[in-house]
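Trainee: Could we go through the charged pairs of this protein together? I would like to see how to reason about them.

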Amino acid sequence: MRYKLEQVVWEITWKCNAKCIHCGSDCISIEKQNELSTAECLDVIADLKQLGTEIIFLAGGDPLCRKDFGTLAAAIKSHGMKVAFISNGLGLTDDNLAVIKAIDPVAFGLSLDAAEAYMHDYIRSRKGCFDNVISSIKKLQDMGVEVSIVSTIHKLNYSQIPKIRELLLDLGVRYWQMQYADFIGRMPPEAMVTEAQFWEMAKFVLDTKQNYSDKIDLTGADVTGYMSDFAMAIQGRWYGCQAGMKVLGIGSDGTVRGCLSQQFDRYIEGNVRERSIIDIWNDPDKFKYNRHFDCSMLTGYCKDCRYSGVCRGGCTVAATAREGQRCNPYCLYKIETEGYSNMEQARTLFSAEEIANLYNPIRKLPKEFYKKYSP
């Protein structure tokens, strides 16, 4: 077997108890709620073991919205694989906490997009969400469960980044992942961080690594890089997107993709209801965008880049979010050598009114934003 499956991100349910403005999965689509049954999931888990999978991340929607999440997690562990969760924390009731404690996952990922309640609650469209996350962090820590925080950044919460770091330092959270929101799902494209803000985010990651490494371990996810000396210092050498190479995404209805964030239909490789995950993974004609990569697949700046054969356009999701393209403008090497794409992309500061105009079509910003926002 040429490709060794190392990790799987499994969206075990499409249900969610929040409605985030940047949700890449857009978890309100009725046609995607045809979830695999418990029995079907257990069969998939057995097949993943045969493929040599090392760790499975249970996600959603929100995985705690599925009543049998404990059964599935226990089955994963019984097969000798590691299990982790990615959640908004709203479902961490006392009963579910007891289940989590019994499962003892290697990590429990919680989403935190701001250091202030009004901002996080607005982004998540759920009053009390911030207080719940803070409480959940403390409860999980008391149980001895390793907490990992995931922050998704766009223009609205860009100014919150240093505040989130201070909050996590106060809470004693060791692991933190920061990523920018790309315009898939519900995310409005105009609200994405600019290239200059992306550059500053990368500088912040490096600063945290250099000055806070004894207290917090911050990563920039796979959207940070890629081939510049700056990028090497942040995350080491980049060897291209690993979707379909080492990692796999499974949807709640059994749809298989190399990565769950690859929302376009052209990235669907099959469905476990129609064909086993083993057959899909081992099919030489699947995951062609990576397994049969050719530099001619790239467009724009990436096509002519000296590192095109190694980098392959960086994060596939970021490079292809613009339908018909495979070129990633959020590249540190591109910014170092070519500069920003235009004057707008060179901006880092935006007024409260400018930001409000981006989000008001979705829903109006709370008054607190105008009172507290400072670029």
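The questions below deal with salt bridges and how accessible their partners are.

Mentor: A word first: this is a predicted model, where local features need pLDDT of at least 70, side-chain atom pairs count only at pLDDT 80 or more, and totals for chains, interfaces and linings use all residues. Residues are numbered from 1 along each chain as its sequence is written, and side-chain values use heavy atoms, with hydrogens and water left out.

Trainee: How many salt bridges does the count come to?

Mentor: Side chains of opposite charge can pair when their charged atoms come close. The rule asks for a side-chain nitrogen of Lys or Arg within 4 Å of a carboxyl oxygen of Asp or Glu. By this rule the count is 13.

Trainee: Which residue meets Asp207 in a salt bridge, and in which helix is that partner?

Mentor: Helices are DSSP runs (H or I, at least four residues), numbered from the N terminus. Asp207 belongs to helix H7 (residues 195-211), and its partner lies 42 residues apart. The N to O distance is 2.9 Å. The partner is Arg165, in helix H6 (residues 161-171).

Trainee: Is Lys334 buried or exposed?

Mentor: Buried means under 20% relative accessible area, exposed over 50%, and partly exposed in between (1.4 Å probe, protein chains only). Lys334 forms a salt bridge with Glu195 (2.9 Å, N to O). Because the relative accessible area of Lys334 is 7%, this residue is buried.

Trainee: Which residues share one network with Lys15 and Glu35?

Mentor: Lys15 and Glu35 meet in a salt bridge at 3.1 Å, N to O. Salt bridges that share partners extend the network to Arg66 and Asp68.

Conventions. Helices (H or I, at least four residues) and strands (E, at least two) are DSSP runs, numbered from the N terminus.
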